[in-house]
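Student: Could you take me through one part of this structure closely, namely the surroundings of the ligand? I would like a connected account that I can follow alongside the picture.

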Amino acid sequence: MLLKFPSDFQFGSATAAFQVEGNGGKRNTDWDIFLKNNPQIVKPDEKGPQWWTRDKAEKDITSMQKLGLTIQRLGFEWGRIEPKNSVINYEAIKRYKEIIGHIIKLGMTPMVTLNHYVLPEWIADQGGWENNETISLFIRYVRLIISSFPEVTSWITLNEPNYLVDAAYLSQAYPPQKSSIVATLVVRQHMITAHKKAFETIKQLNSSSQVGVAFALRWYPPEDNNDPIECGYARIINYIDNYNFISAMRPADFIGCNYYTGYFLNLDVTNITKTKRAHGIHQTKLFGEMKKPDAYVTDFGWPIVPDFFLALLRDLYKTFGKPIIITENGLADHEDKYRSFYILTHLVALWKAIEEGIPIKQYIHWATIDNIEWLEGYRMHFGLLKLDPVTGKRTLHQSAHLLKDIAHSHAINTENLLRTYLKGEQREKARTIIDSLLRGELQSRVVNDDKV
Ligand code: BGC
């Protein structure tokens, strides 16, 4: 079957400044301090993709263009651009200009994230997002960036504020590693205001810009969708984890959807566990989350559940009625074992959502290249380009060719792709999932237990 994408639909890939640039030229950020204090995360000889070095970013982006991708999402590092209060590093702006110029020269669209978790050290020293002065300092920075880059018209103000408040202010995983409900609520409010003001500022300075937030969105269906209590509980968790931020962070031209996975929920309170992330850093799992029984899992242990993606997209549109951009979607998979399966089934889910009338014009894969995963360093491999973090050698994954076939033909030729890229059990499983997605079916753990 040939599933055609609308002619103006775009495919792309993403990075974030801190995760790919390396420390050449000094970044001056809170995460540099965090990595220094946790030397096990990145080893001294692991240099990463080195996008700060001329030509490294350019070559990787050219590889993406050859795949037929036409959007490059990337971040600018505030700490590089403003290493001290009111001190502007014009060299850093120049380097970003080069990269943006390269993207445009290749005929691609740049999408820039203004803040992807990381803060300049001097801002963190004065309380980071807990200090309400950070809002005006952020807006001053936004003004500088927008007026320096009139050629960029696609902006993400904040990456995953809904996840950051949890990881940094509640579950102690990310700097400043706090555990305080008060701080969580204060930071939430400050980030909401920062987004609103950034939105206005960007529109004033460049009215043709499209501006939104990229949210971390997992989907949590009830374990038993015949049980009204569990259904209610799942809605509440989806609201707490996903929707309350989306409702608050308006105005926005689109909802940026970073989707990786989802879990069934039940009301078993004994299921509240501490998951061990890398290096002894723990994160609390709060919601009675259960893996879909037959789902493959990624290197991160995240279930691959493309039907949850379709369910999320439907619900997002039903709830907010806004255009959606898939600002991130991907998996950690060092052997490239499931990436073809993942991309194919998720793009079918996305195609189905578009066919149902949900306005989605862009799909951005995370990530362009293997990069520093926040707590796991170079041990989680999300890239379309595989990277040796020590030598810097790049190799294109086989699965990137699947994305290329889709991007070039602007369509999913399901049978061809199944036969070319998947074998044995994976091929059969993907075929079953694709068939059920195209019928518009979603699975519930209990109701469809015999099928899953
Ligand atoms: C973040 C990325 C991260 C990815 C994989 C997203 O939530 O925006 O920075 O690398 O997930 O964990």
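Tutor: Before we look at the ligand, we need a word for its neighbours: a residue is near a molecule if one of its heavy atoms lies within 4 Å of that molecule. Please also keep in mind that what you see is a predicted model. There are 13 residues around the ligand, and those that come nearest are Gln-19, His-116, Glu-160, Glu-373 and Trp-374. Sorted by character, the shell around the ligand holds six nonpolar residues, four polar ones and three charged ones.

Let us turn now to individual atoms, beginning with Gln-19, where an N or O atom of the side chain is 2.8 Å from an oxygen atom of the ligand. For Glu-328, an N or O atom of the side chain is found 2.9 Å from a ligand oxygen atom, while for Trp-366 the distance between a polar side-chain atom and an oxygen atom of the ligand is 3.4 Å. These three pairs count as polar contacts because each involves N or O atoms within 3.5 Å of each other. As for how much of the ligand is covered, the ligand taken alone exposes 310 Å², and the protein buries 93% of that area. If you trace the ligand in the picture, you can therefore look for Gln-19, Glu-328 and Trp-366 as residues whose side chains make polar contacts with ligand oxygen atoms, within a shell that also includes nonpolar residues.

Conventions
Residues numbered from 1 in each chain as written. Predicted model: local features only at pLDDT ≥ 70, side-chain atom pairs only at ≥ 80, totals over all residues. Heavy atoms only, no water. Polar contact = N/O pair within 3.5 Å; in protein donor to acceptor, adjacent residues only side chain to side chain. Areas by Shrake-Rupley, 256 points an atom, 1.4 Å probe, with all protein chains shown as cover. Nonpolar A, V, L, I, M, F, W, Y, C, P; charged D, E, K, R; others polar.
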